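Subject: Structure for you to look at

Dear colleague,

I am passing on the structure we spoke about, together with some notes for a reader who has not seen it before. Please have it open while you read.

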Amino acid sequence: QVQVVDSGGGLVQPGESLRLSCVVSGLSSNIDDVVWNWYRQAPGKEREWVSGIMPSTSRSAKYADSVKGRFTISRGNGKNAVDLEMNYLKPEDTAVYYCRVSVDLRLYWGQGTQVTVSS
C-alpha cells in the first residue's frame, strides 16, 4: 500500500523559515518516474499548487509566483523523499501543505501539515 507522509509544519513568525518533508513508501513503480508536487490550502480557499520537481531529470523545479525566490524544493534524504525549504515566510503562507506523488498515471496525497505564520 502506497503511503505519503508529509511533515515539518509549525507555528513561526513572519520572516522565519520552515522545512517540510515528504516521504513515500510502498511504491511498486520506479522511484525515478515520480513527480513530486506541493500544494497548500488556506482556510476558506481552494487548494493551490506551490511547487513541483522530478528529481531524476534535468528539468528545473517549478514554483508558483507567490513563493518564487523564497521556497526551494529539492530531493530529501533518499530517493523516496522531497523537501520544501520555506524562507521569509509571510502570514499569507499560512495553510495546510500537502505533498502529492504522481507516478504511472496515479496520484497519491499526504495527509497535510499545518503551517501557521503569525506574530
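The notes below deal with the disulfide and then with the nonpolar core.

Please keep in mind throughout that this is a predicted model.

A search of the whole structure finds 1 disulfide, and the cysteines that it joins are C22 and C99, with a distance of 2.0 Å from S to S. Because the torsion about their S-S bond is about -75°, the disulfide is left-handed. The pair links distant parts of the chain, since C22 lies in strand 3 (residues 18–25) and C99 in strand 9 (residues 95–103), 77 residues apart. Buried means under 20% relative accessible area, so C22, at 0%, counts as buried, and C99, with a relative accessible area of 1%, is buried too.

As for the nonpolar core, the largest one has 29 residues, and W36, W38, F71, L84, M86, Y97 and V101 are those with the most contacts inside it. Two or more residues of this core come from each of several elements, including strand 3, strand 4 (35–41), strand 5 (48–53) and strand 7 (71–75), while strand 9 gives the largest share, 5 residues.

If you would like one residue to begin with, I suggest F71, which, leaving aside residues up to four places away in sequence, touches R40, V50, Y63, L84, E85, M86, N87, L89, D93 and Y97. Among these partners, L84, M86 and Y97 are also listed with F71 as having the most contacts inside the core.

With best wishes

Definitions and conventions
Residues are numbered from 1 along each chain as its sequence is written. This is a predicted model: local features need pLDDT of at least 70, side-chain atom pairs count only at pLDDT 80 or more; totals for chains, interfaces and linings use all residues. Side-chain values use heavy atoms; hydrogens and water are left out. A disulfide is a pair of cysteine sulfur atoms within 2.5 Å. Helices (H or I, at least four residues) and strands (E, at least two) are DSSP runs, numbered from the N terminus. Buried means under 20% relative accessible area, exposed over 50%, partly exposed in between (1.4 Å probe, protein chains only). A nonpolar core is a set of buried Ala, Val, Leu, Ile, Met, Phe, Trp, Tyr and Cys residues joined through side-chain atoms within 4.5 Å. Contact means heavy atoms within 4.5 Å.
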